[in-house]
Each structure stands twice: as C-alpha cells, then as structure tokens.
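The following note comments on selected features of the structure, set out as numbered points. It is offered for reading alongside the sequence and the coordinates.

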Amino acid sequence: MPRPCGSAEARPMLPPLTPADDLSTNRPGESLRDLLAESGPGLIERVVSLLLRRPTEWDSWRKGLAGERRVGAELNRLARRGWRVLHSIPLANNVDVDHLLIGPGGVFSINTKHHHNKAVWVGDDAVKVDHGKPAPYARKSRAEAKRVVRVLERHCDFPVPVEPVLVFVGVTDLKVVATQLDVRVYQARQVSALAPLSGVLTAEQVEEVYSVARHRQAWSKA
C-alpha cells in the first residue's frame, strides 16, 4: 500500500492502492496499445491504406508504440542501479507521460519521439526533423515536467526535482547545438547515461516518490 510522502497532517492522503490503480504494471506504450485496440483500423481499412500507400494516424500510433517499447526496454535495465521506472502515466485531457524514471539522481520525465531514418536538429527552443518546420518538443517536455512536479510535491514534504528528457528513436543523426537547453536529449541507446547520477534523492525518498507516482489517482487531475 503506497504511503504519502511526509506527514499525513500536511499532505493529502491517497487511498489504498488497488490493482486497478497500480501503474507499475503498465507496459511501455500502454496508452497507445489501448488506442489501437479500441480505434485501430479493420482489415479492409488496412488493405486500402496499404494499396494506396497512404500514411494514416494509425501508422503514427504504431510507430510511437515501437519507440516507447524500445526506450522502455532501455530504461528497465536501470532498475539494477537503484532506479524505479513507470510507463504510460495517464494525465488529464487524454495525454500521458511516456516514461517516468525515479532514482538517486532525481526524477526524469521522458518523452519519446520516433523518427525512423530522419535527421534531427535540436536548438535552444526548437527541434527540426529533416530541416522541416520547428516542432515544440522542448517546450512541451518542460511543461510536462512541471505537471509532474506539481503532482509529486502535492504528496511529498520535500522538493522533488524533475528534469525533462527527450529521447529520439530510429534517427540517422541527432545534432544538439543548444547552449542553454534545459531539456536532456538522447538517442534511445544513450539513456544509460542517467544510471550513475546520484546525490539528489535518498533511497527512502526514491521509494516514497515511487509510491505516489505509481498510484493512478495521484494523476487524475494533473
């Protein structure tokens, strides 16, 4: 049963954790899996799209799922280094946090982007894929991290630092030219660079933050 961080008098209590509310059982890309199961194309729609070679929203969902699965597998390997990992954390307005990494080095809100065979350029506040229009990836990652902070510190009586992270999957080249970027940027295989980080949360704080973060009801109004 999860316990709230800090004193019961100062912080709101979460109800006892039930299997339905336990996000630790979520697989990477759980939200996209559900979306494809509920709204994915039927056989005829798949055949027509294939024949016409027409990209669809479903293709985007499948690509996103593949990316989250790849990054999720890399993150799960960090458990042996004292890190806790959660996947597909649902927020309000039908959005989710792809992955949340909690450990001695703090908390990391991880956003996965799958751009197969594309070149990605990252500036201080702009991301371009194959020299296309600027995408708001960095801004959205920062906003997501702030939402995570609000949820965790609502239940914890100590500061919970949350850093935004962008992880790119399948890219042919990733160039980071930012000088003041406050979002960490990696390719999927590079997320192991987070493993040795330490000195931010004690082992007890890691478990207390994790006990809140894994509880679905903590995020219901995020």
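1. Asn117 is found in the loop that lies between S3 and S4. The model is a predicted one, and in it Asn117, although not a glycine, has a positive phi of about 55°. Most residues other than glycine have a negative phi. The backbone at Asn117 may therefore deserve a look when the loop between S3 and S4 is inspected.

2. A second residue belongs under this heading. His131, which is likewise not a glycine, has a positive phi, near 60°. His131 is placed in the loop between S5 and H4. Is His131 buried or exposed? Its relative accessibility is 79%, and because the cut-off for exposed is over 50%, His131 counts as exposed.

3. The next point concerns a sheet. Three strands form an open sheet with mixed pairing, in the order S5-S4-S7. The edges are taken by strand S5 (127-129) and strand S7 (173-176). Each of these two has a single partner strand, so one side of each is left without a neighbour in the sheet. From one strand to the next, the twist averages 10°.

4. Within this sheet, strand S4 (residues 119-122) and S5 run antiparallel and are joined by 3 bridges. The residue opposite Trp121 is Lys128 in S5. In general, strands of a sheet pair through backbone hydrogen bonds, either parallel or antiparallel.

5. Helix H5 spans residues 203-213. Which of its residues are buried? They are Val206, Glu208, Val209, Tyr210, Ser211, Val212 and Ala213, a list that includes Glu208 and Ser211 as well as Val206 and Val209. The elements that cover the buried residues of H5 include three strands, namely S1 (84-90), S2 (96-103) and S3 (106-114), together with helix H4 (137-155).

6. The last point concerns the nonpolar cores. The largest has 26 residues, of which Leu100, Ile102, Val107, Leu152, Val160, Val209 and Trp219 touch the most other members. At least two residues of this core come from each of S1, S2, H4 and H5. The element that gives the most is H5, with 5 residues. Another core, of 16 residues, lies apart from the largest one; among its members are Leu75, Val85, Ile110 and Val191. In soluble globular proteins, nonpolar side chains tend to be buried together. Val209 thus appears twice in this note: it is buried in H5, and it is listed among the residues of the largest core that touch the most other members.

Technical notes: Residues numbered from 1 in each chain as written. Predicted model: local features only at pLDDT ≥ 70, side-chain atom pairs only at ≥ 80, totals over all residues. Heavy atoms only, no water. Buried < 20%, exposed > 50% of the residue type's maximum accessible area, 1.4 Å probe, protein only. Helix = DSSP H or I, 4+ residues; strand = E, 2+ residues; numbered from the N terminus. Contact = heavy atoms within 4.5 Å. Pairing = 2+ DSSP bridges. Axes fitted to C-alpha atoms, helices over the stretch in contact; angles between N-to-C directions. Core = buried A, V, L, I, M, F, W, Y, C linked by side-chain atoms within 4.5 Å.
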